[in-house]
Amino acid sequence: MKIAIIGAGYVGLVSGACFAEFGVDVALVERDADRITALRQGRLPIYEPGLDKLVADNVREGRLSFHERMAPAIEGAEAVFLAVGTPSRRGDGHADLSHVFAAAEEVARTATHPLTLVTKSTVPVGTGRRIIELVRPIRPDIAVAANPEFLREGAAIGDFMRPDRVVIGTEPGERGERALATLRRLYRPLYLIETPIVATSIETAEVIKYAANSFLAMKITFINEIANFCERAGADVHDVARGIGLDGRIGRKFLHPGPGYGGSCFPKDTLAFLRTAEELGVPLRLVETTIAINEARKIEMAERVLAALNPAAGRRIAVLGLTFKPETDDMREAPALVIIPRLLAAGAEVVAYDPEGMGQARALLPAAVSYAETAMACLAGADCAVLLTEWNEFRALPPERLKSAMRGNLFFDFRNVYDPAAMRAAGFRYMSLGRP
Ligand SMILES: NC(=O)c1ccc[n+]([C@@H]2O[C@H](COP(=O)([O-])OP(=O)(O)OC[C@H]3O[C@@H](n4cnc5c(N)ncnc54)[C@H](O)[C@@H]3O)[C@@H](O)[C@H]2O)c1
């Protein structure tokens, strides 16, 4: 079986390499010349654990190839996946679908045989219908399907190879049956591990993706508010999370407090979902409130630091971790992008360290930020430390070592990585989230 994937970003590269690992012949199309050059030279344009080996193995086996041009890539492909970006449209928060429509039209104009055009990008309800209207006059034999992706950066390969479910949305009639049969065949290796296939209409598949991300964003926001509550009430949010999470109706995942969710998906997807709801005239008050609480939380985190330093001017703040979560280099919508500029604006000096994210961070953070080569170098001489991302390498640092590197004794642990008693014993004024 041969397929093509348009867009070699986090989703396109991971799904391409994983489908190739299933034994499928995968042609990846990428229009960014730097990304293509890197891939052809055996370098990955992104960081994702395990992906370098998976890509290299499958390139060597001849199952994975990279293309700048659409025609050779989609020739003979039974399915062509769209894995292009759908960022927030500047100004209004709707999903920007220009890459999706441009790629869909190019596939239709280039195709020389019937194929299934599958949207893996996250797109608002109604997009599949618009893709059908776009491609059908050009090539009536193209079937259109929606196959939203649920992988998490940092654990993407495991998520793709062992997903909780696969959602396949198809159009009614013969084209839909053909598309569903093709996609079931493609995902056959997952039947062996009894992965549920949720077959729906295209519209339903599109809604599932936004509803899933909004629910998860809400769950994180819920525990963040409970953490605030615990701080005042003298309770421990981790025990509360365990106590509620063991209830199967609630579930234990996504109940870890933090400085607000970020990343390439939750912020833009919750906002786009809300915009679609407004267009449809349906209130989505929980989603709307989640977005507002999360925006305020990032600012509130900066304010906690500034209030403790008061005055912050001239003080040196060491920021440990910049990416929105560990095991990725992705800086999109990371809380650091809101928190650090506020620290700088108050006159603080900011030095930062992140194991993978500093390349992307340099382009997104103010030039006044300086960067350290290691966590310990970052902490050297700092008045205050702020931990924003729970990289494993930070967990291993003994509190006494952290303390002796610093000039001051103020430590904000916004991921609750350290043991409060041990940090206090080392001499820190230690502030974490939701713990007495
Ligand atoms: N990143 C995630 O964790 C994740 C998870 C689930 C779903 N998604 C969704 O998947 C989609 C892709 O996300 P991503 O993070 O991989 O984005 P990305 O920005 O990392 O990658 C998109 C790639 O597509 C390329 N591209 C755009 N238009 C093209 C065209 N016409 N021809 C060829 N290449 C083209 C871009 O150059 C870029 O390299 C988005 O809709 C996103 O919401 C992302």
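Me: Why does R178 count as partly exposed?
Reply: In this predicted model, R178 has a relative accessibility of 25%. Buried means under 20% and exposed means over 50%, with partly exposed in between, so R178 at 25% is partly exposed.

Me: What makes E174 exposed or buried?
Reply: The relative accessibility of E174 is 51%. The cut-off for exposed is over 50%, so E174 counts as exposed.

Me: How do you know that E174 and R178 meet in a salt bridge?
Reply: Their side chains come to 3.1 Å, N to O. A salt bridge requires a side-chain nitrogen of Lys or Arg within 4 Å of a carboxyl oxygen of Asp or Glu, and the pair E174 and R178 at 3.1 Å satisfies that.

Me: Why are E174 and R178 separated by about one helical turn?
Reply: Because E174 and R178 are four residues apart in helix α8.

Me: What makes R185 and E78 a salt bridge?
Reply: The closest N and O atoms of R185 and E78 are 2.5 Å apart, and the limit is 4 Å. The pair links distant parts of the chain: R185 sits in helix α8 (residues 173-186), while E78 is in the loop between α4 (70-74) and β4 (79-82), 107 residues apart.

Me: Why are R185 and E78 placed in their exposure class?
Reply: R185 has a relative accessible area of 34%, and E78 has 28% relative accessibility. The class between under 20% and over 50% is partly exposed, so R185 belongs there, and E78 does too.

Me: How do you know which class R139 and D141 fall into, buried or partly exposed?
Reply: R139 has a relative accessible area of 17%; buried means under 20%, so R139 is buried. D141 has 25%, which means that D141 is partly exposed. The two form a salt bridge, with the closest N and O atoms of R139 and D141 2.7 Å apart.

Me: How many salt bridges does the structure hold, and which residues are linked in a network?
Reply: The structure holds 24 salt bridges. K53, D57 and R60 are linked in a network of them. Side chains of opposite charge can pair when their charged atoms come close.

Me: What makes the contact between T86 and the ligand a polar contact?
Reply: A polar side-chain atom of T86 lies 2.6 Å from an oxygen atom of the ligand, and the cut-off is 3.5 Å for N or O atoms. E153 places a polar side-chain atom 2.8 Å from a nitrogen atom of the ligand. From Y10, a polar backbone atom is 3.0 Å from an oxygen atom of the ligand.

Me: How much of the ligand's accessible area does the protein cover?
Reply: The protein covers 91% of the 840 Å² that the ligand has on its own. The elements giving two or more residues to the shell are α1 (10-21) and α5 (98-110). By class, the shell has nine nonpolar, eight polar and nine charged residues.

Me: Why is L280 called exposed?
Reply: L280 has a relative accessible area of 60%, and exposed means over 50%, so L280 is exposed. L280 is found in helix α12 (residues 266-280). With V125, V207 and V282, L280 makes a nonpolar surface patch of about 310 Å².

Me: Why is T389 called buried, and what does its side chain reach?
Reply: At 0% relative accessibility, T389 is under the 20% cut-off, so T389 counts as buried. The side chain of T389 reaches the backbone nitrogen of L322 at 3.3 Å. A polar atom of that side chain also lies 2.8 Å from the backbone oxygen of T323. T389 is in the loop between β12 (384-387) and α17 (392-395).

Me: How do you know that the peptide bond joining N310 and P311 is cis?
Reply: Omega is about 0 degrees for the bond between N310 and P311. P311 lies in the loop between α13 (285-309) and β9 (316-320).

Me: What makes phi of N416 worth a note?
Reply: Phi of N416 is near 50 degrees, a positive value in a residue other than glycine. Most residues other than glycine have a negative phi. N416 has a relative accessible area of 7%; buried means under 20%, so N416 is buried.

Note on methods. Residues are numbered from 1 along each chain as its sequence is written. This is a predicted model: local features need pLDDT of at least 70, side-chain atom pairs count only at pLDDT 80 or more; totals for chains, interfaces and linings use all residues. Side-chain values use heavy atoms; hydrogens and water are left out. Patches are made of residues with over 30% relative accessible area and no salt bridge: like charges are joined within 9 Å, nonpolar side chains (Val, Leu, Ile, Met, Phe, Trp, Tyr) within 5 Å. Accessible areas come from the Shrake-Rupley method with a 1.4 Å probe; for residues, only the protein chains shown count as cover. Buried means under 20% relative accessible area, exposed over 50%, partly exposed in between (1.4 Å probe, protein chains only). A polar contact is a pair of N or O atoms within 3.5 Å; within protein, one must be able to donate a hydrogen and the other to accept it, and residues adjacent in sequence count only if both atoms are side-chain atoms. Ala, Val, Leu, Ile, Met, Phe, Trp, Tyr, Cys and Pro count as nonpolar, Asp, Glu, Lys and Arg as charged, and the others, Gly among them, as polar.
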